[in-house]
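Me: I would like a close look at one part of this structure, followed by whatever context helps to place it. The model is shown below.

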Amino acid sequence: MEQKTIPHITIEAVGSFVPPRRVTNDELAQTVDTSDEWIRSHTGIGARHLAADGQATSDLAVKAALDAIDRSDLTLDDIDGIIIATATPDHVGFPSTACIVQEKLGLKNIPAMDVVAGCTGFIYGIEVARGMILSGAMTNVLMIGAEKLSSIVDWNDRNTCVLFGDGAGCAIVSRKDEPTERGVQDTILQADGSGYEYLMVNRGGSRSPIREDGVDIKDVTITMDGRKVYNFAVKQLGAMTKDLMERNGLTIDDIDMIIPHQANDRIIQAAAKRLKIPKEKVFVNIEDFANTSAASIPIALRNLEESGGLKKGDRIIIVGFGAGLTSGGSMIVW
């Protein structure tokens, strides 16, 4: 009996978009009790990009998708699925932001859906896209991580407002039937719901719908137990990276680059130190963009590729962690 060939699921191109408005730490220090030195020493962040009042997450997502299309050999007519990972949808509950993006791109009658997995959303979304493609439901998928976190930040809370930025990144995930070494090789997804309260927006869902005027801003913006999130992130970033290498029989010498979720430079460096990973093998761009949640990894991939640090055939690991608490990692041959 002829053995059935399993198709490879590749990332054909990446694109990104960040709003032009750039807000430095010094600018933030004019309105909240903080300083450039404190923010940099605690997070590694130097600036963040913020969307305009009239921009929504879907607007950022569309621009990232078009950038990815421009950098690929495909056209919009080749796209037969849209998945968006976001914690800041255009509308609470419904419609999905993916449907709005579909309309703005002028695509008709193709499936579109959102994935909610916090800052790990891009990795969850890549795996959803891979499953959809392997099932035969799709062939070329726009997998977009997009966030307007400035819309859910309390700008008087110096512990959280300094951390976040806006932006979007898009990967075109495609089916390849011909022999190739490229593609998503392995993925680990996990969640620990016992930590769901450590990073959340308290109100606006079915448990605590907003019905009255005079809502306290702390109820509808990000709250975070920083220490608990930090400990989880360092542990999971290291564990995901180690597990992916071990179960594929690889060492750090076999990996060209690790691209972690850009939440905090101290988290990234602490995890790298535990695993004895050389600094030059860990890509960090948080200084310029801050934490853009589900958008951070695809934005980083786009930056790395554009700078010449990511080439076809490179073996990389992407790894994320976020609200839920969720975590995930993928090994990819670029």
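What covers the buried residues of α4?

Reply: This is a predicted model, and what follows should be read as such. The cover over the buried residues of α4 includes two elements that come before the helix in sequence numbering, α3 (57-70) and β4 (81-85), together with β5 (112-115) and β6. Helix α4 itself spans residues 97-105, and its buried residues are Thr97, Ala98, Ile100, Val101, Gln102 and Leu105. An α-helix has 3.6 residues a turn, so residues three or four places apart point the same way. Among the buried residues of α4 are Thr97, Ile100 and Val101, as well as Ala98, Gln102 and Leu105. Just after the helix comes Gly106, with a positive phi of about 75°.

Helix α9 (residues 296-306) can be set beside α4. Eight of its 11 residues are buried, so α9 is largely enclosed by the rest of the structure. The buried residues are Ser296, Ile297, Pro298, Ile299, Ala300, Leu301, Arg302 and Leu304. A glycine with positive phi follows here too: Gly308 comes after α9, and its phi is near 90°.

Beyond α9 in the numbering, Lys311 and Asp314 form a salt bridge, with 3.8 Å between the closest N and O atoms. The two partners differ in exposure. Lys311 has a relative accessible area of 49% and is therefore partly exposed, whereas Asp314, at 11%, counts as buried.

That pair belongs to a wider set, since the whole structure holds 14 salt bridges because that many pairs meet the 4 Å limit between side-chain nitrogen and carboxyl oxygen. Another of them joins Lys176 to Glu12, where the closest N and O atoms are 3.6 Å apart. Lys176 lies in strand β7 (residues 166-176) and Glu12 in strand β1 (residues 8-17), so this bridge ties together parts that are 164 residues apart in sequence. Lys176 is partly exposed, at 22% relative accessibility. The pair does not stand alone: Glu12, Lys176 and Arg182 are linked in a network of salt bridges.

A further bridge brings together the side chains of Asp33 and Arg158, at 3.7 Å from N to O. Asp33 sits in the loop between α1 (25-28) and α2 (36-43), and Arg158 in the loop between β6 (140-148) and β7, so parts 125 residues apart in sequence are tied together. The β6 that borders this second loop is also among the elements covering the buried residues of α4. Asp33 is exposed, at 58% relative accessibility, while Arg158 is partly exposed, at 41%.

The remaining item is internal space. A search of the whole structure finds one cavity of 30 Å³ or more, and the largest cavity holds about 50 Å³. Its lining consists of Leu237, Ile258, Pro260, Ile268, Ala271, Ala272, Leu275, Ile277 and Val282. Two elements, β11 (257-260) and α7 (265-274), each supply at least two of the lining residues. The largest share, three residues, comes from α7. In character the lining is uniform: nine residues are nonpolar, and none is polar or charged.

Technical notes
Residues numbered from 1 in each chain as written. Predicted model: local features only at pLDDT ≥ 70, side-chain atom pairs only at ≥ 80, totals over all residues. Heavy atoms only, no water. Helix = DSSP H or I, 4+ residues; strand = E, 2+ residues; numbered from the N terminus. Buried < 20%, exposed > 50% of the residue type's maximum accessible area, 1.4 Å probe, protein only. Contact = heavy atoms within 4.5 Å. 1 Å grid on protein atoms, 1.4 Å probe; cavity = no way out; pocket = protein on both sides within 12 Å on 5 of 7 lines; lining within 4 Å. Points joined across faces, edges and corners; volume = space filled by probe spheres on them. Nonpolar A, V, L, I, M, F, W, Y, C, P; charged D, E, K, R; others polar.
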